[in-house]
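Student: I am new to this one, so please take me through the structure step by step.

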Amino acid sequence: MTDASANPLLALSTLPYGLPDYREIEPQHYLPAFEAAFAEHRREIDAITRARSMPTFENTLVALESSGDLLGRVARTFYTVSSADATAEIQQIEETLAPLMAAHHDAVQLDSALYWRIKTLHDTLDELDLDDEQRYLVERHYREMTHAGAGLDDAQKARLTDLNQRLSVLTTTFEKNLLADTNDLAVVFDDAAELDGLTDGELSAAAQNAADRGLAGRYVVTLTLFTGHPYLSGLTDRESRRRLLEASRSRGSRGNEHDNRDVLREIVRLRAERAALLGYPSHAAYVTSDETAGSPGAVHDLLRRLAVPAARNARAEAAALQAIVDAEDEPFPIDAHDWAYYTERVRAAEYDLDRTALRPWFEAERVLQDGVFRAATELYGITFTERDDLPGYHPDVRVFEVREADGSPLGLYLLDLYTRDTKRGGAWMNSIVSQSALRGTSPVVVNNLNVPRPAEGQPTLLTLDEVTTLFHEFGHALHGLFATVTYPHFAGTNVFRDFVEFPSQVNEMWILWPEVLASYARHIDTDEPLPAEVTEKLHASEAFNQGFATSEYLAAAWIDQAWHSLGAEEAAAVTDVADFEASALADIGLDNPLVPTRYSSTYFAHVFSGGYSAGYYSYIWSEVLDADTVEWFTENGGLARANGDRFRQRLLGIGGSKDPLEAYRDFRGRDAEIAPLLARRGLA
């Protein structure tokens, strides 16, 4: 099944924008397609390296950028499915594929002949007649191949390849274990009274989850990727809150077949060994050397600077919560599972605001159409039309065609809103097709969320956090849609990891922007807008509970840094995951038992199965730029086409074709300042 007539993955899609026709693709098509794509890409690389002529930009870089088209198409098609609809069959394919992908990637990145050609061009860069994007392309390919180990000797390369293949298997295993344990630990409740405090929609979602699992008449609450479940803020039954948080925190560490402790320790050890092989003292040093941060020291300085006031604020917040409990008829020392519930009590007392009661104003379709899409239209002139005729990879997926203000086509946007057992946790954006002038392709981007599906006939009402997530992920989607580059290497969100969160964070600013909020935040039953006094309270309470929020995030970022700052011998000496975490948190002063880390190691998918290893700090690093940019928008009139066009042209539109901090200076007129971030989080 390797010819195009038998395997739809081997032929160009005939659908608009190159959207794969998922109606025709079966699981058994994937591995043969990958095998054919590996072979084709290898032939293309060989044609470059065996050329007898001296390296030129055209015969080396353009040829390299033109290669691997089939592999890229097949990989993006498959990994979209494996993250969002990972059936047992798809998981098996991914496990088989992981070492093959790693080996093929290494075969290209470590190719000595290819490296020689690129190095030759890099060494004579000033003699070549190249434009800025072409020049930067040479610099990035040389830097990335060097960083990957192309300059090592053959024995070192062989060991590096072994390490990379083993790591690919381990990270896939980590993700598979986490998905299985997350599903297994979904909390079953026998009586609706145990879920008192949930909305009718949340209760119906729990009943539907139970029915889907053959537990009709009961209630099942599925777990979110992060530690603190959104339902903790509403549940009145303290035991129910305890059960939910305990289930969340125990993932991957129960001594069963899905235990991730040994898996992650081996990942840490092998990453440290690989870093040493590549000439770095730690994996963190290796990763940050090719990010805007530059070094672990710069990251550690920022995290420590923020941790002190964050921990202080969290202690003050805890005291306020305890005061509420102490005033009750039966006081008790609060625990971590009480924090979210009593936070809402304090918020109600201090700001007369109950965030859990806002859901009727946040109906999902209205948030999407009149909020997310409306803001994008106002800023950038783009429009969205649903295409029911185009297939997604799952029945839940919706497809929208995106057009420019003049009506010309831009790309496709796919939205996969609801949670399901085959979807990994969290929320994300990915590309199925990347824009490239060289290849003549337009972008097809996907947003995935994990919103509980209500029972049939019930509206989907979002929490304010879920509204924030949708705006955030759509910021990534805009980045993927707007990046307009010649070479695939710079397409979409292919930027430094500690810069990639910046555009998505900026897009969150429109959630409470008056014109946008008035458009989408309307009561599901009465169509009344969110009352002005509620909006004022939301603004007034923006810094509320930021001690907790900042502490839980910084704790996770520090755990990531602690694991990945170890040398190979230090990593091998770690025997107890929980003890290591506790020691790391004590070191930075974030060992508050009332404030669990946003992710513990055994379910920290960002760093042990995703692409954020030694890079989870990126969110706060990017937020410095984000807060500074929000200040610029506010000072310059906010939601206006002129502002959107400037942001698009100078930041979103360049993709990865320019140094991001240089691009930021071009946009802002100066480097970002940290003061707006400190003020936003109440850390000044």
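Tutor: A word on naming comes first: helices (H or I, at least four residues) and strands (E, at least two) are DSSP runs, numbered from the N terminus. This is a predicted model, in which local features need pLDDT of at least 70 and side-chain atom pairs count only at pLDDT 80 or more, while totals for chains, interfaces and linings use all residues. Residues are numbered from 1 along each chain as its sequence is written, and side-chain values use heavy atoms, with hydrogens and water left out.

Student: Where is His523 found?

Tutor: His523 sits in the loop that joins α17 (514–520) to α18.

Student: Is His523 buried or exposed?

Tutor: His523 is buried, with a relative accessible area of 17%. Here buried means under 20% relative accessible area, exposed means over 50%, and partly exposed lies in between, with a 1.4 Å probe and protein chains only.

Student: What does the side chain of His523 reach?

Tutor: It reaches the backbone nitrogen of Asp525 at 3.0 Å. As for contacts (heavy atoms within 4.5 Å), His523 touches Pro360, Trp361 and Glu528, leaving aside neighbours within four places in sequence.

Student: Let us turn to the sheet. What is the order of its strands?

Tutor: Five strands form an open sheet in the order β3-β4-β5-β7-β6, and the pairing is mixed. Two strands pair if DSSP finds at least two bridges between them. β3 (383–386) and β6 (428–433) are the edge strands; each has a single partner, so one side of each is left without a neighbour in the sheet. The twist from one strand to the next averages 30°. Such angles run from 0 to 180 degrees between N-to-C directions, along lines fitted to C-alpha atoms, for helices over the stretch in contact.

Student: In which sense do β4 and β5 pair?

Tutor: Strand β4 (residues 398–403) pairs with strand β5 (residues 409–418) in the antiparallel sense, over six bridges. Within that pair, Pro409 of β5 is the bridge partner of Arg403, and Leu415 of β5 is that of Arg398. The hairpin of these two strands has five residues between them, and Gly407 there takes a positive phi near 90°.

Student: And how do β5 and β7 pair?

Tutor: β5 and β7 pair in the parallel sense, also over six bridges. Leu412 stands opposite Val444 in β7.

Student: How many residues of β5 are buried?

Tutor: Nine of its 10 residues are buried, so β5 is largely enclosed by the rest of the structure. One residue of the strand, Tyr413, touches Phe373, Val445 and Leu470, among others.

Student: Which residues have the most contacts inside the largest nonpolar core?

Tutor: They are Phe362, Tyr413, Trp510, Tyr520 and Trp563, in a core of 143 residues. A nonpolar core is a set of buried Ala, Val, Leu, Ile, Met, Phe, Trp, Tyr and Cys residues joined through side-chain atoms within 4.5 Å. Apart from it lies another core, of 33 residues, including Phe38, Phe78, Leu414 and Val444.

Student: Phe78 is listed in α3 too. How many residues of α3 are buried?

Tutor: Of the 16 residues of α3, 12 are buried, and the helix is thus mostly covered. Its buried residues pack against α1 (30–49), α4 (88–109), β5, β6 and β7.

Student: How far apart are the end C-alpha atoms of α3?

Tutor: In helix α3 (residues 69–84) they are 23 Å apart, which agrees with the 22 Å expected for 16 residues at 1.5 Å a residue. The expected span is 1.5 Å times one less than the number of residues.

Student: New topic: where does His489 lie?

Tutor: His489 lies in the loop between α15 and α16 (497–507). His489 is partly exposed, at 22% relative accessible area. Its side chain makes a polar contact with the side chain of Glu144 (2.7 Å). A polar contact is a pair of N or O atoms within 3.5 Å; within protein, one must be able to donate a hydrogen and the other to accept it, and residues adjacent in sequence count only if both atoms are side-chain atoms.

Student: Lastly, what is the phi of Asn545?

Tutor: Asn545 has a positive phi of about 65°, although it is not a glycine. Asn545 is placed in the loop between α18 (532–540) and α19 (546–564), and at 14% relative accessibility it counts as buried.
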